[in-house]
Structure formats: structure tokens, C-alpha cells
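Hi,

Here is the model I said I would pass on. Have a look at it, and then read my notes below.

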Amino acid sequence: MAVTIRFLVLCFSIILGFIGPSIAGDERPTLGDDGLYHYNWYHQSFFELADDVDEALASGKVLMVKFDQKGCIYCEKVATEILSEPAINKYVRENFLVVQMDIFGSRDVTDLDGTVLPENEMAARWGVVFTPSIYFITEKKDVGKLTEAAAAVMPGAFMKGTFMGMLEWVKTGAYKTETRFQKYFNDNYQRIREEMKAARPAT
């Protein structure tokens, strides 16, 4: 009996070893040494932003550039509460290429016009004030700054439903026909709410 129990425990541990990290990295973030929350599906960018735009568009996705900072409670909220929401998590992974930046970081970033600056100076060039600040790029534009190419900007942390509404508004191109996001969200609020609820695991 003892041998059987040990065998079952070993099998269970092996299974967790295979699926545990994947589940954690896909559906829940990890806190990195840099103090930022990361998902394993965030794009491993070289911060050549023109290349990131091309890669996103080639795969039928929207480029999402997300500025965070260590100790930001709203960044933590987006990572741990909003992006972990099943419907949002799935929608972002399927439709967005996410590039995460640190508003106080020092990694070199190349803007669309070839300007190279460390993250913190690029944030100043773009006028980033709040974290998180999220920029959505849906198409290539002949502009110098990435912020000038953004179809929409999400400043700060939205609630789950509003966040999902913004994602849909951008990805579906609804922002081109209904330029008022709040109008789009109000018209679709009930549907979004029901779809998010349906995507949650049964308890």
C-alpha cells in the first residue's frame, strides 16, 4: 500500500511539473527580479519597435506596448486581476503582441524613426506619465514616434469589463466607425459582461 501511495505521489508530481509552470505562466503572472509582473507570453522584444509592429501585423495581431514600473499598485492590478481574467487572458494572447517596458528602465529602445534611447528617456520622449500606460498600434504609419502611430491609449488601470471593451474596440477596428469608446462600451457592456462570466471556470 505504501509503495502504491508513493507511486501515485510521484506521478502527480511529474504531472504538475509538466503543466504547473505552463498554467502559471499563461494564466497568472510571475514577479520578476526587476519588480515587474510578467506573463510568459509577453513578447521577447529587442525593442526595435518597427520590427515589433511588422511582426504583430504579419501575425494578424495588434501591437500592445505596455509601460509598467516597480511598486505600481495599478500595474499589479492589471497583471494579477485583469490579465488573469480568463476571457481577457485568452483574448490578449490570441490577438495582441505585448511588449512590456519599464518607465524607469535602461534598456535601449529604437523608435519608429530610428531614434535610440533608454526606456526611461523614451518614456519622457513619448510623454508617458502614468503607469500602466498601454499603446495599441493597429497599422503602419509614416510617423516618427510610436505614440503617434497608436490607434488608442489606455492610461492607468481600467476595470475588467472596460479593459475587455477597449481590447475589442481596438482589435475589431470599431474605433474607426465609432470614435467614442464610451459609446461603444455602453452599447456592448451587457454582452461583454455575459461573455466574461461564461468564460470563468465553474465553481
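Which residue in S7 is the bridge partner of Phe67? The partner is Ser133. Before the rest, some housekeeping: this is a predicted model, with local features needing pLDDT of at least 70 and side-chain atom pairs counted only at pLDDT 80 or more, while totals for chains, interfaces and linings use all residues. Residues are numbered from 1 along each chain as its sequence is written, and side-chain values use heavy atoms, with hydrogens and water left out.

On to the sheet. Helices (H or I, at least four residues) and strands (E, at least two) are DSSP runs numbered from the N terminus, and two strands pair if DSSP finds at least two bridges between them. Four strands form an open sheet in the order S4-S3-S7-S8, and the pairing is mixed. Strands S4 (96-102) and S8 (152-155) are at the edges with a single partner strand each, so one side of each has no neighbour in the sheet. From one strand to the next the twist averages 15 degrees (axes are lines fitted to C-alpha atoms, for helices over the stretch in contact, and angles run from 0 to 180 degrees between N-to-C directions).

S3 (residues 62-68) and S7 (residues 133-137) run antiparallel and are joined by five bridges. S7 also pairs with S8 in the antiparallel sense, over four bridges, and Phe136 has Ala152 in S8 as its bridge partner. That same Ala152 is on the covered face of S8 along with Met154, while Val153 and Pro155 are on the uncovered one.

Now for H9 (residues 181-199). This helix has 19 residues, yet its end C-alpha atoms are only 24 Å apart, short of the 27 Å of a straight helix (the expected span is 1.5 Å times one less than the number of residues). H9 has a kink of about 60 degrees centred on Asn188, where the bend at a residue is the angle between axes fitted to the seven residues ending there and the seven starting there. Asn188 is also among the buried residues of H9, which include Phe181 and Tyr184 (buried is under 20% relative accessible area, exposed over 50%, partly exposed in between, with a 1.4 Å probe and protein chains only). The buried residues of H9 pack against helices H4 (86-95), H7 (160-171) and H8 (174-177), contact being heavy atoms within 4.5 Å.

Best wishes
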